[in-house]
Structure formats: C-alpha cells, structure tokens
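Here's a quick tour of a model you can turn around as you read. Keep the viewer open and hop from stop to stop.

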Amino acid sequence: MNPTPNRTIGVAVLGMGNVGAEVVRIISDSADDLRSRVGAPLELRGVAVRDLAKPRKIAQELLTDDPEALVARDDVDIVVELMGGIDPARGLIRTALEHGKSVVTANKALLAEYTGELATAAADAKVDLYFEAAVAGAIPVVRPLMQSLAGDTVERVAGIVNGTTNFILSAMDETGADYAETLAEAGRLGYAEADPTADVEGYDAAAKAAILASIAFHTRVTAADVHREGITAVTPADLAAAKKFDCTVKLLSICERVHDADGRQRISARVYPALIPLSHPLASVNGAFNAVVVEADNAGRLMFYGQGAGGSPTASAVLGDTVMAARNKVHGGRGPLESTYASLPIAPIDDVPTRYYISMKVADRAGVLAQVAGEFTKRSVSIAAVRQEGAGDDARLILVTHRAPDRAQSECVAALEDMDAVIKVSSVLRLEGTDD
Ligand SMILES: NC(=O)C1=CN([C@@H]2O[C@H](COP(=O)(O)OP(=O)(O)OC[C@H]3O[C@@H](n4cnc5c(N)ncnc54)[C@H](OP(=O)(O)O)[C@@H]3O)[C@@H](O)[C@H]2O)C=CC1
Ligand SMILES: N[C@@H](CC=O)C(=O)O
C-alpha cells in the first residue's frame, strides 16, 4: 500500500478483555501523544466482542459482534487481534492481511503454530505483522531479536516467560500460599489465560519458546517441537528442599543451539520447572515479572526484565507495535522483514545434557546409598551431591547429578522406581543455571 500522509489511521480491535480494554483506554487517553508519534491521528473504528450486553468503558456504537465485517472495512488500516485462541483469530488475521491491513497480535498460541503462514500472507500483501506482546508481556524482546540482533548469532535464549506460574511459584515459596487460591488470584489480576491450564501445564511457555526459538535461530519451530512440562507436580516440599541446596524453583523456557560432534547444528526448545541457584539472576525474578537472557556470539549476554503479564503492561507492547505499523502506513516502509528461514532439525530432550534433582523415600538400612549410586554409575551419570534426611519411615535420600544426556538421567529414575530399597521417588526436577 502506498504511504498516505495527512490522513487518519483507522484501528480495529478484536477482543476487549484484559488486554483489549487497556488498548482501547490508551488509544483514547493518549490520543495526542500517539498522533505526534505516528504523524497522524489513530482512530478507533470498532471493537469486536462476543457479548454485546457486557458493561464496558466504550461508546456502545463502537462495539460489534461481527469481527469478519470489521476487519474488512475500508476505513480500517490496522487490525489489533486480542481475542486469543486459534479460531476464529487465524481466519480473521488472514482476512485482514488479504485486505491490506497491517496486523498486531498478542496471540502466542496462534503464532506458535501459524507464524509461517501468517508471515507469508503479510509479505504477499506487503503489510506488517507485529507480535511483540506475544512473548513476555511488556518486555521488548521480539524486536531486539528480530532487529537489533539480526547481525549476530544467537546461541541461547532462556528465561521465565509465564507470569502466572512465576506468580504462583513465588507466592508458594515466599509465603507458603495455597496453589489453587494463588492461581485464582492470577486470574483476577488478568495474568492467566482464558483457560489457565495453558499456564500451569506449560503450554503458554512452550508457545513462547517456539516463537523465541524461531526468531532467534531463524528457523521454524512450532509448539509441537518444544518439550513441555508444567508446574502442577511442584509441591511446597520441593520448594523447601530446593532452599536446602541454596536454590529456588522456576518454570524455565530454554531455547538453544545444540552443536553436535560432527559439526551439525540442532535446536533444543524445552519448558520445565527447574531448580536454579539463588545466586542466578533469574532466581530473583518474582511475581508476574518475566526475564529473558539472550546469549549471542558477539553481543555476549543480554538480560531483558519486566512485567510479563497483565492488561496494561501487555497493552504497552501492543501500542508500540501499533505505532510502528501506523508510521509505516503514513510514511511508507515495512518491517521488520523476516529472515530467510532455515530448517534446523530439533534435538529431542533425550539427547540434551541436563542435571537432575531427585528426592526419594528410602528404606532405613545400611547399603541403600551404595545400591542407588550403582544405578547411576551403570548409566554413566555421576552424582554431584547427596543429602540423607530423617530416619525410620521418614528416611529420605536427595541426589543431585552432574550433566548427562537426559535419557540416561530418566533411565536412572526409572531404575530407582523398580528398586526394593526405594519406597517412593517423590520428586524429580531438573537443575539449571550451573555449568557442570
Ligand atoms: N492477559 C495477559 O497478561 C496477556 C495476554 N496475552 C494474549 O492476549 C490475548 C488476549 O488476552 P486477554 O485479554 O487476557 O483475554 P480475555 O479472555 O480477557 O479477552 C478476550 C476478549 O476477546 C473476545 N472474544 C473472544 N472470542 C471472541 C470471538 N469469537 N468473537 C469476538 N470476540 C471474542 C472476548 O469477548 P467477551 O468480552 O465478549 O467475552 C474478550 O473481550 C490472548 O491471545 C492472550 O494469550 C498476551 C500477553 C499477556
Ligand atoms: N498467561 C500469560 C499472559 C502473558 O503472556 C502469562 O501468565 O504469562
């Protein structure tokens, strides 16, 4: 589309929930600032919702329950998708792009499956597709990876990218708060997804890992490529035990290049709750805050930190994208253009070197530790630390291993579960943030 100076930029918003309501508020409250940043006024043309009867802070005539018609309107230049979910969001974005509208979305679930399709549609239509808000709420991390680091080689992107689970784990750790109550509070504060299973089972963090891996490594990674474990099995006892090892527990998303001995490169993308040392920078990221650590060949280590969830922090990122897309409409230009995407293979979790923390209830008799250690030696996994606690029916053994392929580590756990001396393996978590 040709640039058209001195005109109004029409914006359609799909969804007026936690994020959409804040986007609508900012477009109205900050109209003068936005006009000067874009070089033209941004005008809200309509907002699509499901339930027209719900009370909302917006003129009723701007509301519609017909998003198909809204995205195709001639006076709409930019469509901001904040409905969530795959359908009908995917079709609506496709329609918007095909009608020459630029699109801003925060929909990580959709992007983790369909970025390739949507980016191609945007390129064909020569319009923008921006999604800064899809990863880590207010934190600028998508644009730094796509633009600022486009000339570097990123080796690793790892961090805390789900606010809800970090809010829950922090509360459990700091005050012993109840899991279910804290999850409900995360919903009330606008952090949790419409279906919070996406948060607590790690689907949301996995979607974000897929997006981060794709843009960091210039290869297509989808949610199905990401190894995923959530926080539902993490107990207050795990958090207490972590403290004894000067650690805490965080849900981590880790994306890295795996350099194989034959020079081949693969991508590992994984999400799981892990112990990290209290001295690690991610250990002090609490509540709904997120942080992402990027390691690049020339830039070295960069850390991005801020509010990872909630209506207004996320709306900030959405508005940033909207201003960029609006500037391009007014002054011409398009960007950031996507890289030429490679197709690097995915390294399965089995092949990735990890460290394990294993807590088990054991028989209180001589020789148990030697027997347990024998199972690790058989599989070439070495034990880094051992703690024996309690006695009688409460006898426990806690082990921390050195780095070894995850398959070998999980085979050790399976062997423990078959041993007479081991009454119950009560907790298995990985340990990250250490070199060995
Ligand atoms: N909340 C957060 O902290 C963050 C959210 N995101 C993402 O932003 C998006 C929006 O999240 P959030 O605001 O929390 O979600 P909400 O569930 O609060 O809001 C969704 C909105 O979309 C509307 N909607 C849903 N389906 C339809 C449909 N078929 N037709 C018309 N309207 C529809 C709903 O209408 P109605 O009001 O009538 O029900 C509601 O207004 C999601 O993709 C989410 O993953 C990204 C980063 C952070
Ligand atoms: N439910 C998500 C919202 C932001 O992406 C989260 O908790 O991080």
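What follows goes from the overall layout to the two ligands, then to the annotated residues, the core and a few backbone oddities.

## Layout

First things first: this is a predicted model. The domain assignment splits the protein chain into domain 1 (9-137 + 312-331), domain 2 (159-306) and domain 3 (349-431). Note that domain 1 is written as two segments, 9-137 and 312-331. If you take centres over C-alpha atoms, domain 1 and domain 3 sit 50 Å apart.

## Around ligand 1

Ligand 1 has 28 residues around it, and G15, G17, N18, R50 and G84 come nearest. Sorted by class, that shell holds 13 nonpolar, ten polar and five charged residues.

Where do these residues come from? Both domain 1 (9-137 + 312-331) and domain 2 (159-306) supply at least three residues each to the shell around ligand 1. Helix α1 (residues 18-29) gives the most, with three residues.

## Around ligand 2

The shell here is made up of G137, N162, G163, T164, Y191, A192, E193, D199, D204, G308 and A309. By class, ligand 2 is surrounded by three nonpolar, five polar and three charged residues.

One of the shell residues, E193, also turns up in the UniProt record, where an unreviewed entry marks it as "binding site". Look for E193 in the loop between α8 (179-188) and α9 (197-200). Is E193 buried or exposed? It counts as buried, because it has 21 C-beta neighbours inside 10 Å and the cut-off for buried is 20 or more. Setting aside neighbours within four places in sequence, E193 is in contact with A198, D199 and D204. Of those contacts, D199 and D204 are also part of the shell around ligand 2.

A little further along that loop between α8 and α9 you'll find P196. P196 is partly exposed, with 18 other C-beta atoms within 10 Å. Not counting residues up to four places away in sequence, P196 touches T164, L183 and G187; T164 is itself in the ligand 2 shell. Between P196 and T165, which are 31 residues apart along the chain, the C-alpha separation is 9.7 Å.

## The annotated lysine

UniProt, again in an unreviewed entry, lists K208 under "active site". K208 belongs to helix α10. With 30 other C-beta atoms within 10 Å, K208 is buried. Which residues does K208 contact beyond its neighbours within four places in sequence? They are K108, V135, V161 and S253.

## The nonpolar core

As a rule, nonpolar side chains in soluble globular proteins tend to be buried together. In this model the largest nonpolar core has 135 residues, with V80 and A210 touching the most other members. Helix α10 (residues 203-217) gives the most to this core, with twelve residues.

Want to see what V80 packs against? Leaving out residues up to four places away in sequence, V80 touches V11, A12, V13, L14, V23, V104, V318 and T322.

## A link across the sequence

L34 is in helix α2 (residues 31-38) and counts as buried, with 21 C-beta neighbours inside 10 Å. Beyond residues up to four places away in sequence, L34 touches I27, L42 and V323. The pair L34 and V323 is worth a click: 289 residues apart in sequence, but 7.2 Å apart in space, C-alpha to C-alpha.

## Backbone oddities

There's a cis peptide bond between D87 and P88, with omega at about 10°. P88 is in the loop between β4 (78-81) and α4 (89-98).

Two residues other than glycine have positive phi: K126, at about 55°, and A136, near 65°. K126 is in the loop between α5 (108-125) and β6 (129-130), while A136 is in the loop between β6 and α6 (142-148). What about their surroundings? K126 is exposed, with 11 other C-beta atoms within 10 Å, whereas A136 counts as buried, with 32 C-beta neighbours inside 10 Å.

Technical notes. Residues numbered from 1 in each chain as written. Chains lettered and ligands numbered in written order. Predicted model: local features only at pLDDT ≥ 70, side-chain atom pairs only at ≥ 80, totals over all residues. Near = placed C-beta within 6 Å. Nonpolar A, V, L, I, M, F, W, Y, C, P; charged D, E, K, R; others polar. Helix = DSSP H or I, 4+ residues; strand = E, 2+ residues; numbered from the N terminus. Domains from an automatic or database assignment. UniProt positions renumbered as here; feature names shortened; annotations may be inferred. Buried ≥ 20, exposed ≤ 12 C-beta atoms within 10 Å, placed from the backbone. Contact = placed C-beta atoms within 7 Å. Core = buried A, V, L, I, M, F, W, Y, C linked by C-beta atoms within 7 Å.
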